[in-house]
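Dear colleague,

I am passing on the structure below, together with some notes for a first reading. Please keep it open beside the text as you go through them.

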Amino acid sequence: MVLISCKNCHEMYERVDYTSFKCTACNHTVRRRVKNSLQVSLALVLTALFLFVPAMVYPMMEVTQLGVEQGSTILEGVISFLSHGDYFIAIVILTASVIIPLIKLFGLLFIFTSLSINIKMKNKTKLRIFYFIEAIGKWSMIDIYVVALLASVVQLDEIFNIKGGVAATSFSLVVVLTMIAAHRFDTRIIWDD
Ligand SMILES: [Zn+2]
């Protein structure tokens, strides 16, 4: 007899062998391991890290004021909020768009490489890091909401015209790819030898 858990709902089953079957609780196909999970998740994380560069370097939004186009990057935005004394907004934007995405990407990268080169560390610790990353995932979209909100408010004013820049697209991709990488990763791999 073998024990196998559903990746989707974590229901435990006692089976004769590892042939795949449908989970009775959530109808998800239960397999011993998701195929190529580590490789695909690692590739997604590397792509997201690569896209993080344009997200920082290019303007997050382009503001056209009286026909003059201006763009500012995330970091320029943070600095400008700081110089106006809006420390709270500056910290929120910095946390949501720089610190959290980087913690997530490097955390995942660390787990994935530790599995490929066998770093001495308790499996439980790796799993804890992974669940921590999954938990903070929902908070990193805040910045996109801020841009969307600003755009919809200021668009009403004809003098101002704000639209998302290259960085907004790159940043959204970073967030989505990180989410897929974490979601697709089969945590049961951590326990494999
Ligand atoms: Zn299930």
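Threonine 178 counts as buried, because its relative accessibility is 2% and the cut-off for that class is under 20%. Please bear in mind from the start that this is a predicted model, and that the values here are computed from it. Threonine 178 belongs to helix H6, which runs over residues 166–184, and a polar atom of its side chain lies 2.5 Å from the backbone oxygen of valine 174. When residues up to four places away in sequence are not counted, threonine 178 touches Ala48, Lys104, Leu105 and Leu108.

A second buried polar residue can be described in a similar way. Serine 37 is placed in helix H1, which covers residues 37–57, and it is buried, with a relative accessible area of 1%. A polar atom of the serine 37 side chain lies 3.4 Å from the backbone oxygen of arginine 184. With neighbours within four places in sequence left aside, the contacts of serine 37 are Arg184, Phe185, Asp186 and Ile189.

For the wider layout, the chain contains six helices and seven strands, and along the sequence these follow the pattern β-β-β-β-α-β-β-α-α-α-α-β-α. Of its 193 residues, 38% count as buried. Among the contacts in the chain with a separation of 6 or more, 62% are accounted for by residues 24 or more positions apart.

In soluble globular proteins, nonpolar side chains tend to be buried together. In this model the largest nonpolar core has 35 residues, and those with the most contacts inside it are Val45, Ile74, Leu108, Phe112, Leu115 and Phe185. The elements that contribute two or more residues to this core are H1, helix H2 (74–83), helix H3 (87–117), helix H4 (123–136) and H6. Valine 45 is in touch with Leu105, Leu108, Leu109, Phe112 and Ala181, again not counting residues up to four places away in sequence. Apart from this core lies another one, of six residues, among them Ile4, Cys6, Phe21 and Cys23.

Phenylalanine 112, which lies in helix H3, counts as buried because its relative accessibility is 0%. Leaving aside neighbours within four places in sequence, phenylalanine 112 is in contact with Leu38, Ser41, Leu42, Val45, Ala181 and Phe185. Phenylalanine 112 and phenylalanine 185 are 73 residues apart along the chain, and their C-alpha atoms are separated by 9.3 Å.

Helix H4 allows a check on its length: at 1.5 Å a residue, its 14 residues should span 20 Å, and this agrees with its end C-alpha atoms, which are 20 Å apart. The buried residues of H4 are Lys126, Leu127, Phe130, Ile133 and Ile136, and these pack against H3 and H6.

The model also holds a metal site. The zinc ion is coordinated by the SG atoms of Cys6, Cys9, Cys23 and Cys26, at 2.2 to 2.4 Å, and these donors follow the spacing C-x2-C-x13-C-x2-C along the chain. The site is tetrahedral, with angles of 106 to 115° among its four donor atoms. For comparison, ideal angles for four tetrahedral donors are 109.5 degrees. The pair of cysteine 6 and cysteine 23 links distant parts of the chain, 17 residues apart: cysteine 6 is in the loop between strand S1 (2–5) and strand S2 (12–15), while cysteine 23 is in the loop between strand S3 (21–22) and strand S4 (29–30). Cysteine 6 is buried, with a relative accessible area of 0%, and cysteine 23 also counts as buried, at 2% relative accessibility.

Two further residues deserve a look for their backbone angles. Most residues other than glycine have a negative phi. Histidine 10, in the loop between S1 and S2, has a positive phi, near 65°, and counts as partly exposed at 49% relative accessibility. Asparagine 27, in the loop between S3 and S4, is likewise not a glycine and has a positive phi of about 70°. Asparagine 27 counts as exposed, because its relative accessibility is 54% and the class begins over 50%.

With best wishes

How values were computed
Residues numbered from 1 in each chain as written. Predicted model: local features only at pLDDT ≥ 70, side-chain atom pairs only at ≥ 80, totals over all residues. Heavy atoms only, no water. Helix = DSSP H or I, 4+ residues; strand = E, 2+ residues; numbered from the N terminus. Buried < 20%, exposed > 50% of the residue type's maximum accessible area, 1.4 Å probe, protein only. Polar contact = N/O pair within 3.5 Å; in protein donor to acceptor, adjacent residues only side chain to side chain. Contact = heavy atoms within 4.5 Å. Donors = N, O, S within 2.8 Å, 3.2 Å for Na, K, Ca; no water. Tetrahedral: all angles 85-135°; square planar, octahedral: opposite > 155°, others 65-115°. Core = buried A, V, L, I, M, F, W, Y, C linked by side-chain atoms within 4.5 Å. Expected span 1.5 Å × (residues − 1).
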